[in-house]
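Here are a few exercises to work through with the model open beside you. Try each task before you read its solution.

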Amino acid sequence: MEQFNSVHEGMAELHKRNVGNKKIHALLTFQHNNNKLCKTCFLFDSKEDAGSQLVKYDRLKISNVPVLEMPAALAARQVAIDAELAEGNLDELGVVQEGHAEEFLIDFFETAVALAQDVKYVTIYITHSPCIPSDRKPSHSLPGWPASCTAKFAKLAADHPKYSFTIAFLKKYGNLQGNDAPQKFLKNLSGDRANLSFIEMKDGPPYERP
Ligand SMILES: [Zn+2]
């Protein structure tokens, strides 16, 4: 998590990181009860699963294995990784907890609200639309929360009826690609809550609440 003391700076960083890679970034911003923008905002990024992290950093990389034996070697490595993770040995493996950017944001939400103070509106800018239950790997890293980030935002909004939430995303993710009405689709999927809406941002200046 990174903290910025200007939403302009946070947005600039979000756009800078929206460079077509698979990593997802989410910026948490607030408006106060007098509608003034809270200067403090928080940026989160996604973390790959432990196996991908290990391969990327060349730890536990499998080499010198005949092609035909590769699936078995990969499966064996996954068993070893899962065993270490089940023991809570993340540090041992030199990896960090996996998760979607939105999950880290939700985990930090109460702290962020306390820092921002006097919150009325919550606007979350994401490089990609939140994942949905029918996606190949909906987020599952936050204990006690439903699978998928869309379902998690629905719970977050239900838990905080006094705040209005807007989820603004730059591009469509996963099964939402090709959907011509992503805003309406996500709104329906999240239970049509009065205090939760979704906005697909077009290129141009950052979204501002009317
Ligand atoms: Zn997600």
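Before we start, one term: helices and strands here are DSSP runs, numbered from the N terminus, with at least four residues for a helix and at least two for a strand. With that in hand, you can place Asp 192 in the loop between α7 (182–189) and β6 (196–200). Keep in mind that this is a predicted model.

**Exercise 1. Get your bearings in the whole chain.**

Task: Find how many helices and strands the protein has, and into which domains it is divided.

Solution:
- Step 1. Count the elements: there are seven helices and six strands.
- Step 2. Walk along from the N terminus, and the order reads β-α-β-β-α-α-α-α-β-α-β-α-β.
- Step 3. Now split the chain up. Domain 1 takes in 2–47 + 100–200, while domain 2 covers 50–93.
- Step 4. Check the spacing: the centres of the two domains, taken over C-alpha atoms, are 32 Å apart.
- Step 5. Put a box around the C-alpha atoms along the principal axes, and you get roughly 65 × 35 × 35 Å.
- Step 6. Finish with two overall figures. Of the 210 residues, 43% count as buried. Among contacts between residues at least 6 apart in sequence, 68% join residues at least 24 apart.

**Exercise 2. Explore the largest pocket.**

Task: Work out why the largest pocket lies between domain 1 and domain 2.

Solution:
- Step 1. Start with the pocket itself, which has a volume of about 900 Å³.
- Step 2. Look at the lining. It has 30 residues, and the closest to the pocket's centre are Lys 22, Ser 46, Lys 47, Glu 48 and His 100.
- Step 3. Sort the lining by class: five residues are nonpolar, 13 are polar and 12 are charged.
- Step 4. Ask which element gives the largest share of the lining. That's helix α2 (residues 50–56), with three residues.
- Step 5. Put it together: domain 1 and domain 2 both give residues to the lining, so the pocket lies between them.

**Exercise 3. Look around Ser 141.**

Task: Decide whether Ser 141 is buried or exposed, and find what it is in contact with.

Solution:
- Step 1. Find Ser 141 in the loop between β4 (119–128) and α6 (149–159).
- Step 2. Its relative accessibility is 19%, and buried means under 20%. Ser 141 therefore counts as buried.
- Step 3. Set aside the neighbours within four places in sequence. Ser 141 is then in contact with Gln 97, Glu 98, Gly 99 and Glu 103.
- Step 4. Zoom in on Glu 98: its backbone oxygen lies 3.4 Å from a polar atom of the Ser 141 side chain.

**Exercise 4. Visit three loop residues.**

Task: For Asn 35, find the value of phi; then do likewise for Asp 192. End by asking how exposed Val 19 is.

Solution:
- Step 1. Asn 35 sits in the loop between β2 (25–32) and β3 (41–45). Its phi is near 75°, a positive value in a residue other than glycine.
- Step 2. The relative accessible area of Asn 35 is 41%, so this residue is partly exposed.
- Step 3. Asp 192 isn't a glycine, but it has a positive phi of about 50°. With a relative accessible area of 47%, Asp 192 is partly exposed.
- Step 4. Val 19 is in the loop between α1 (7–17) and β2. Its relative accessibility is 59%, so Val 19 counts as exposed.
- Step 5. From Val 19, go 22 residues along the chain to Cys 41: 21 Å separate their C-alpha atoms.

Key
Residues are numbered from 1 along each chain as its sequence is written. This is a predicted model: local features need pLDDT of at least 70, side-chain atom pairs count only at pLDDT 80 or more; totals for chains, interfaces and linings use all residues. Side-chain values use heavy atoms; hydrogens and water are left out. On a 1 Å grid over the protein atoms alone, a cavity is a set of points where a 1.4 Å probe fits but cannot get out, and a pocket is an open set with protein on both sides within 12 Å along at least five of seven lines; lining residues have an atom within 4 Å of a point. Grid points are joined across faces, edges and corners, and a volume is the space filled by probe spheres set on the points. Ala, Val, Leu, Ile, Met, Phe, Trp, Tyr, Cys and Pro count as nonpolar, Asp, Glu, Lys and Arg as charged, and the others, Gly among them, as polar. Domain bounds come from an automatic or database domain assignment. Buried means under 20% relative accessible area, exposed over 50%, partly exposed in between (1.4 Å probe, protein chains only). A polar contact is a pair of N or O atoms within 3.5 Å; within protein, one must be able to donate a hydrogen and the other to accept it, and residues adjacent in sequence count only if both atoms are side-chain atoms. Contact means heavy atoms within 4.5 Å.
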